[in-house]
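Welcome to this structure. Here are some notes to read with the model open beside you, taken point by point.

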Amino acid sequence: QVQLVESGGGLVQPGGSLRLSCVASGSIISISYMGWYRQAPGKQRELVAAITTGGSTNHPDSAQGRFTISTDNAKKTVWLQMNSLKPEDTAVYFCNVRGTSYMFRPFNSWGQGTQVTVSS
């Protein structure tokens, strides 16, 4: 079983920055994908940024130029650096990690979520 623990959320003023962290633990053999998603009240969960083992990244238009995803596979950690935050970035942010675990079984794990609130 793979567990994810997120941290770094909080209250920030518009234009401010936050850095989210997510650490994976458990019987992990390899990681192929690490991503951040968010869900605002009354809205569907949406992709914020993702990175694959090969290093390719995906940032939807809403995050382009403001959010940066980075990883350390050895530490099984993924970060999301968020700059120039806007009130519309307010949401619960979730970490998602996929890969192969014990007995070479695929896994697709989600964190518990961390609240990000952008408000003056």
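1. A term to start with: buried means under 20% relative accessible area, exposed means over 50%, and partly exposed covers what lies in between. With 11% relative accessibility, Arg66 therefore counts as buried. Please keep in mind that this is a predicted model.

2. Let us stay with Arg66 and look at its partner. Arg66 makes a salt bridge with Asp89, and their closest N and O atoms are 2.7 Å apart. Arg66 lies in the loop between β6 (57–58) and β7, while Asp89 lies in the loop between β8 and β9, so this pair ties together parts that are 23 residues apart in sequence. Asp89 is buried as well, because its relative accessible area is 0%.

3. Which other side chain meets Asp89 in a salt bridge? Arg38 does, with an N to O distance of 2.9 Å. Since Arg38 belongs to strand β4 (residues 28–39) and Asp89 to the loop between β8 and β9, the pair ties together parts that are 51 residues apart in sequence. Arg38 has a relative accessible area of 7%, so Arg38 is buried.

4. Arg38 also meets Glu46 in a salt bridge, at 2.7 Å from N to O. Glu46 is partly exposed, because its relative accessible area is 36%. The count of salt bridges comes to 3. Returning to Asp89, which is buried at a relative accessible area of 0%, we can now put the pieces together. Through salt bridges that share partners, Arg38, Glu46, Arg66 and Asp89 are joined into one network.

5. Now for the cysteines: how many disulfides are there? The count is 1, and this disulfide joins Cys22 to Cys95 with an S to S distance of 2.1 Å. Cys22 sits in strand β3 (residues 18–26) and Cys95 in strand β9 (residues 91–101), so the pair ties together parts that are 73 residues apart in sequence. The link of Cys22 and Cys95 is left-handed, with -80° about the S-S bond. Are the two cysteines, Cys22 and Cys95, buried or exposed? Both are buried.

6. Two arginines are worth viewing against aromatic rings. The charged end of Arg45 sits over the ring of Phe94, 3.7 Å from the ring centre. Likewise, the charged end of Arg98 sits over the ring of Tyr33, at 3.9 Å from the centre. As for rings paired with rings, the count comes to 1 aromatic pair.

7. Gln81 is a good residue to click on next. Gln81 is in strand β8 (residues 77–82) and counts as partly exposed because its relative accessibility is 27%. Leaving aside residues up to four places away in sequence, Gln81 touches several residues, among them Ser17, Leu18 and Arg66. The side chains of Gln81 and Asn83 are joined by a polar contact of 2.9 Å. The C-alpha atoms of Gln81 and Ile69 are 6.4 Å apart, with their positions 12 residues apart along the chain.

8. Finally, a look at the backbone. Lys76, in the loop between β7 (67–72) and β8, has a positive phi of about 55° although Lys76 is not a glycine. Lys76 is partly exposed, because its relative accessible area is 24%. Met103, in the loop between β9 and β10 (105–110), also has a positive phi, near 65°, in a residue other than glycine. At 53% relative accessibility, Met103 counts as exposed.

Key
Residues numbered from 1 in each chain as written. Predicted model: local features only at pLDDT ≥ 70, side-chain atom pairs only at ≥ 80, totals over all residues. Heavy atoms only, no water. Phe/Tyr/Trp six-rings, centres within 6.5 Å; stacked < 30°, edge-to-face > 60°. Lys NZ or Arg CZ within 6 Å of the ring centre and 35° of its normal. Disulfide = S-S within 2.5 Å. Helix = DSSP H or I, 4+ residues; strand = E, 2+ residues; numbered from the N terminus. Buried < 20%, exposed > 50% of the residue type's maximum accessible area, 1.4 Å probe, protein only. Contact = heavy atoms within 4.5 Å. Polar contact = N/O pair within 3.5 Å; in protein donor to acceptor, adjacent residues only side chain to side chain. Salt bridge = Lys/Arg side-chain N within 4 Å of Asp/Glu carboxyl O.
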